[in-house]
Amino acid sequence: MSFGPHLFLALLEGTVSAFVLALTALGLSLVFGVMRIVNVAHGEFFMLGAVLAWFCASLVGTPVAGFLFALIAAPLIVGALALAADRLVLRRIDYHPEGTIVATIGLLYIIQQAVLTLYGPEARPVTPPVYFILSFPWFGYSGYKLVVAAISACLLAATWWLLARTKLGLYMRAAQQDLEMAQAFGVPARRVYAMVFALGAMLAAVAGVLVVPIQQAHYLMGLDPLLLSFIVVILGGLGSVKGTVVAAFVVGISDGVVSVFFSPTLAKIVATLLVAAVLVVRPGGLFGEDRA
Amino acid sequence: MATVAAVAPLLETEALCKRFGGLAAVNDVDLRVAPGEIRAVIGPNGAGKTTLVGMICGRLVPSSGRVLYRGRDITAMRPWERLMQGIVYTFQVTSLFKSLSCYENVALPAQRRLMRGFAARLALREKAVAERVCAALASVGLAGIAEQRADSLAYGHQRLLELAMALAAEPQLLILDEPTQGLAQAEIEQLCDLVRAIARSATVLLIEHNMPVVLALAGHVTVMDSGRIIAEGTPGEIERDAGVQKAYLGR
Amino acid sequence: MNDLATHRVLALHLGVLALLFLAQFALPEYHHTNVARIMVLAAYALGYNLLLGYTGLMSLGHAMFFAAGMYGAGLPVYYLGFGAAGALGAGIATGMLLAAAFGLMALRTSGVSFLIVSLMFAQAFYLASLYFNEITLGDQGFILSGKLAPLQLGGTPLGFHEPAVKYNAALLLFAACFLLSLGLRLSPIGRVLIAIRENEERTRLFGYDSFRYKLLALVLSGGLAAAAGASYALLFSYVGSTFASILFSIYPLLWTLLGGVGTILGPLVGTGLMFYLVDIASGITSAYLLVVGVVLVALILWFPQGIMGTVRAKWLPWLP
């Protein structure tokens, strides 16, 4: 296959992974932006979504039913887990920034190793709910991947609508701007925080469900999405849907292109250093707490 | 407006400005403080007093204008270098090392003075630091509590501890930002005695809201409002000044 | 600190070292190697504690300093035939240079930003060690034992595979890092670092260039970590990418928190305890890292001062 088609394939792949990355990163971005905390276990919510999807698929007969079941059940279960984590741990330490990081690292290992125990170390595939090939002149492309992109786009739009047009979204944006002021106006901070944390986890879980027919479910699959989400969130800006989506596309597509033409490892090295550079150069740090 | 005696000023600001976004917190301030003075800076909340002294001690970088100390332009001088020049600032809100002992709190500024140059650092002995710490604590009346944690002290004593820390830094220009805030009357009087004692060997720049303290301590008063100096003079003159009264009452 | 306190402190800490020295004659073989390993890793934790406990900077990237020491020592031995002393020196120098370069860039940030920057740099380092795997042999790593010449002490060769040599070399490394940390803690510089941790702005206004002090702490911290990494390579004969991974940056955080952040004895206690916890757990299940997760959460919720921190708060306030 010559360069042109190769590039086109890379762009297609990049676009699909960008959509999934946008969903995952948006979850992290909301938590980062509204709660001002870093959730290191975010990737594990993604992994849980994928693993739960596998469980759903093995319980139900047809791939379509399994997929739909997973699409509803997995985020709900992961959301509940996130609520529990928020209630039992994060709230107890009052969302202290560095304490939260340590606690969520702990959470990462607890979730990851629990999955290892209950699900095992193997990578297991899940049959896609729909299977059709888009025939291009140079190659065939999996139709399911485009379904993934479509569903992701819908969910991104739905989240944007939630933020921009609903009361919860208003509360979230208010809490992000100025928590004390928001509380003075009656915004129930604790409940908003719990909802945001659950929402962030659920977005990651859905992304995991969508991705699992493409990528097998494995207990270590959370780390890469975590690092990529970090990169997207820091480049795109905390708590902003638009920024996250744009950054996800920039990162997702360039990662896809560089991976195809050079090496995936090199792509990651560049992305990682880019994020570090942005943080170092940007005055005011992540939350505006640093001296300029 | 009475003028300060024609001696070379210890501290001078020239057209000093600090802007935050569109707001000029300090606007074109020319301040002149003579050596050995006790100068009070008063004004309503938001007048720019803390911002002004912030630029003098180095916490804030001016938007424009100059700060001159002993004739030298120190506008670009970093905060830690200004300490070595003798400019010492105590914060408006208590700023101690809360979980450390009083000894450790005072030892930090005390040892700095003994760390001039590489050879001095090598020769530094804890005994020399201890002597200075004990002297500073004794001079504010806190001799016995060296081993206590700073946050276990009563508020009044914490303020005294801060003063001890400032003294251990060997100030030539001591800037006190609302030192009497939150203190009981007896503590205020004790503080005034201490400031008078300090003023025998250092120049004092005092931000205060408490008018009796200003009247008791200050040789000269500078009044600020909305970022500018609106009046300067002796405490008696300022008390009678109509413009000053309007600034305070018109709020 | 007065003379009595200093004597007490010195007696305690030298006593611990003496105990470690004597232990080698009593320990059965399995634990003998374990304790040697623990001592090297505790040196790593001591380096980490210097930054977190005494300067207040939390990093998630210390694996890059450990690995810099490991590769800085291992590569010259493997490819250039360096001896142990030269390799150790090369490893430490590599770590300190990396820490200095990193610090000059990253210390403009603080708090969570600093943490993420350190994580990103360390991750880039790890990926680079995989990318250049013709040299580093990546994940698989390489073994030094064939290539490393034994130490010569007055004509007697001391091979690193010999348990006694391994143990005492590890003890020597630990003792050096231990006493360096203690000395720093009790010195005027230590006082400044603690002040920076407690209230950086106040410290700056009392005449200290906090950036320079933080940089110094970071370079020393990186140096200790690199010394541990270099020693690990030389004593246990293996160099590989896993030591540059994120888990290896999380370990010193875990060990330090468990043992007691901001105490000199804490890192040793935390490393030892965690080593055995993981050891026991790995005998029970392949999901032994669960212990890591549970301990971290438990520490944050109920035990933030760690073991020696609690000891200091409740019974021994003079503990540095």
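Two residues are taken to be in contact if their C-beta atoms, placed from the backbone, lie within 7 Å. The structure described here is a predicted model, and the contacts reported below were computed from it. By this criterion, and with residues up to four places away in sequence left out of account, A:Val192 touches A:Tyr171, A:Met172, A:Ala175 and A:Val187. A:Val192 itself belongs to helix α8 of chain A, which spans residues 189-211. With 22 other C-beta atoms within 10 Å, A:Val192 is buried, because the threshold for burial is 20 or more such atoms. A further pairing involves A:Leu168, which is separated from A:Val192 by 24 residues in sequence, while the C-alpha atoms of the two residues are 7.4 Å apart in space.

The helix numbered α8 in chain C was examined in terms of burial. Eight of the 11 residues of α8(C) are buried, so this helix is largely enclosed by the rest of the structure. The buried residues of α8(C) are C:Ile189, C:Arg191, C:Val192, C:Leu193, C:Ile194, C:Ala195, C:Ile196 and C:Arg197. Their cover includes elements of two chains, namely α3 (102-113) of chain B and, from chain C, α2 (29-55), α7 (163-186), α9 and α10 (210-236).

At the level of whole chains, two pairs are in contact, and of these chains A and C share the most contacts. In that pair, 36 residues of chain A are in contact with 35 residues of chain C. On the side of chain A that touches chain C, at least two residues each are supplied by α4 (97-119), α9 (223-236) and α11 (264-281) of chain A, with the largest share, 15 residues, coming from α4(A). The residues on this side of chain A comprise 23 that are nonpolar, eight that are polar and five that are charged.

Chain C also meets chain B, with 14 residues of chain C in contact with 22 residues of chain B. The elements giving two or more residues to the side of chain C that touches chain B are α8 (188-198) and α9 (200-205) of chain C. This side of chain C is made up of six nonpolar, three polar and five charged residues. Helix α8(C) thus appears both among the elements that contribute to the side facing chain B and as a helix whose buried residues are covered in part by α3 of chain B. Chains A and B, by contrast, do not touch, and their nearest C-alpha atoms lie 11 Å apart.

Conventions: Residues are numbered from 1 along each chain as its sequence is written. Chains are lettered from A and ligands numbered from 1 in the order in which they are written. This is a predicted model: local features need pLDDT of at least 70, side-chain atom pairs count only at pLDDT 80 or more; totals for chains, interfaces and linings use all residues. Helices (H or I, at least four residues) and strands (E, at least two) are DSSP runs, numbered from the N terminus. Ala, Val, Leu, Ile, Met, Phe, Trp, Tyr, Cys and Pro count as nonpolar, Asp, Glu, Lys and Arg as charged, and the others, Gly among them, as polar. A residue is buried if 20 or more other C-beta atoms lie within 10 Å of its own, exposed if 12 or fewer, and partly exposed in between; C-beta atoms are placed from the backbone.
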